[in-house]
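Subject: Structure handover

Hello,

I am passing this structure on to you. Please look through it before reading the notes below.

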Amino acid sequence: MKKSSIHEKVEFHAEDSQEAKIHKQGINDPPFYRLILLVLDALLILGIYIGSLSIRYPQTFQQFLFWDAMGILLTATIIPLSLIGGHSKTTDMQSLRFMSEHVIVSAFSFLLASFCIYAISAFNVDMAPARFNVSFTLLLFPIISLVYRRQISSRINQGQRFKSLIVLGSGPVAQDFYRLLRHHKWPHDLRFFSIKATEHSSTLIPQDSQSPIVEDDLFVKLSISQGDIVSIVLAEDTSNIPRELMQKLVTLHFSKIPVQTLDTFFAREWKMVPTGHVSLAWAFEKGFRLNSPSYERFKRLSDIILSAMILIIFSPLLLALPLLIRMGSSGPAIFRQTRIGRHGRPFTLAKFRTMRTGSDNASRTTGEEDNRIIPFGKFLRKSRLDELPQLWNVLKGEMSLIGPRAEWAKCVEEYENKIPFYHFRHVVKPGITGWAQVNYPYGKDETDAEEKLKYDLYYIRHFSFGLDLSICLKTLYVMISARGR
């Protein structure tokens, strides 16, 4: 495991020229892209609502134009959509996953907007929005939204397919980065450049027949085809980059082409932290949102209220599932195991048993076709219903609804000795669901644990209400599509 300080920040003081500011506001700039989609969404929502009113009430539709109702329609629809990446340039809006999440978040928006509008109109006799038109708007919007998002995403993918991502570096960090890019099926052309002038071109990974050539004429390439470059990524320890080259990169970043560290690239493109390339001082950097007592109190209150509500709603299942489990397999219906919580404190986690009694004495991990799983257990695992008893752990304060997965004490002891930064997972409470759980499949070994840690560290760094709500929506997608294990 390499522990290069690739992401260490080098601060520079440079002034943007007026020309640079204008250039950075172009169509390729993510904020501008986001603004276009936000405007389109707002116009579509208002257009459907006002248009349907004018058709239904051609003479008197103005009397139904309440700003409160239209504001709720916009807020309850656009904000949840943004939380699942509906306004992000990096979201694959042609994927089945995004389409499913869009449908789920639209159902959530329908319930939220309907409740808010009808609650306000109940106390404000002057506001009487047309209920049919409100419902019609909330039902039609996601259909049209998905259509033009697919079209926009298709156009962008076609336009950027032949653009290059420039990677500066040729050492172990750059090699690891190349393997990750290939694993994630990076869509753009890749060009690797050395930080020092060399007489002969070399292969990035000599043993790999598909490995790209490392070039040394970076600024010659930039002078020829600036418009064909997506970004420049520094896959090298910044302390190793010559000062003159770094100054040129700073000028370039503030005028024409964005330059990113690996830390920035991973967070923006893959929503994770590159654990193999961060320094031990990672926790001391700016940008962490953990030190927010007000949000922690809000999160704890939400955990109590939501856990109690879910327990009440699913109380019939809580009574029926133990009977079904014991009918298909002998032994207790509840499985208990020592897990590690916040600050490394052990606690006893409760789940509905999905495997034969004593299975935890064998392999620590579970395969897709593991013969230890009882007949009814596979359904419980896919639907996540086996985790309902963990709500008691949430009520007791040992867990949260959202956070890193609570790992078995034996696994934690092993992983902390082998995986750098693994102990950082314990600065927050473990959760029933989390950023790693909704973005990465069930872990089978140490390699999977290391990959999931990248998502857990991203969650810790970006700890916020918006991220928690996004995880909730993605969890609904996982449950509805039965993708759990």
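The notes below go from the whole chain to single residues.

Overall

Please keep in mind that this is a predicted model. The protein chain has 485 residues, and 48% of them count as buried. It contains 17 helices and 10 strands. The accessible surface of the protein chain is about 25000 Å², and carbon and sulfur atoms account for 60% of that area. Taking the contacts in the protein chain between residues at least 6 apart in sequence, 75% link residues at least 24 apart.

Nonpolar cores

The largest nonpolar core has 67 residues, among which Phe177 and Phe265 touch the most other members. The element that gives the most to this core is helix α16 (residues 446–461), which supplies 7 residues. A second core, separate from this one, has 30 residues, including Ile45, Met70, Ile78 and Leu146.

As for Phe265, if residues up to four places away in sequence are not counted, Phe265 touches Leu165, Phe177, Leu181, Trp186, Val233, Gln260 and Trp270.

Salt bridges

Side chains of opposite charge can pair when their charged atoms come close. The structure holds 15 salt bridges. Three of them are described here.

One salt bridge is formed by the side chains of Lys474 and Glu101, with an N to O distance of 3.3 Å. Lys474 belongs to helix α17 (residues 465–480) and Glu101 to helix α4 (residues 96–123), so this pair ties together parts that are 373 residues apart in sequence. Are the two partners buried or exposed? Lys474 has a relative accessible area of 9%, and is therefore buried, the limit being under 20%. Glu101 is at 3% relative accessibility and so counts as buried too.

Another salt bridge is formed by the side chains of Arg182 and Asp208, at 2.9 Å from N to O. Arg182 is in helix α6 (residues 172–183), while Asp208 is in the loop between β3 (202–203) and β4 (213–215), so the pair ties together parts that are 26 residues apart in sequence. With a relative accessible area of 37%, Arg182 is partly exposed, whereas Asp208, at 17% relative accessibility, counts as buried.

The third is the salt bridge of Glu414 with Lys418, whose closest N and O atoms are 3.6 Å apart. Both residues lie in helix α14 (residues 409–418); they are 4 residues apart, about one turn of the helix. Glu414 counts as partly exposed, at 28% relative accessibility. Lys418 is also partly exposed, with a relative accessible area of 48%. Through salt bridges that share partners, Glu414, Lys418 and Glu446 are joined into one network.

Helix α5

Two residues of helix α5 are described here, Asn133 and Ile144. The helix covers residues 131–160.

Asn133 has 0% relative accessibility and counts as buried. Which side chain does Asn133 join in a polar contact of 2.9 Å? The partner is the side chain of Ser52. Apart from neighbours within four places in sequence, Asn133 is in contact with Tyr49, Ser52, Leu53, Arg56 and Tyr57. Ser52 thus appears both as the polar partner and in the contact list of Asn133.

Ile144 counts as partly exposed, at 32% relative accessibility. Not counting residues up to four places away in sequence, Ile144 touches Leu44 and Ile48. Along the chain, Ile144 and Leu44 are 100 residues apart, while their C-alpha atoms are separated by 8.4 Å.

Surface patch

Which residues form a nonpolar patch on the surface? They are Leu301, Ile304, Ile305, Leu306, Met309 and Ile313, and together they have about 550 Å² of accessible area. One of them, Ile304, is found in helix α10 (residues 293–313). Ile304 is partly exposed, with a relative accessible area of 35%.

Regards

How values were computed: Residues numbered from 1 in each chain as written. Predicted model: local features only at pLDDT ≥ 70, side-chain atom pairs only at ≥ 80, totals over all residues. Heavy atoms only, no water. Buried < 20%, exposed > 50% of the residue type's maximum accessible area, 1.4 Å probe, protein only. Polar contact = N/O pair within 3.5 Å; in protein donor to acceptor, adjacent residues only side chain to side chain. Contact = heavy atoms within 4.5 Å. Core = buried A, V, L, I, M, F, W, Y, C linked by side-chain atoms within 4.5 Å. Patch = residues over 30% accessible without salt bridge, like charges linked within 9 Å, V, L, I, M, F, W, Y side chains within 5 Å. Areas by Shrake-Rupley, 256 points an atom, 1.4 Å probe, with all protein chains shown as cover. Salt bridge = Lys/Arg side-chain N within 4 Å of Asp/Glu carboxyl O.
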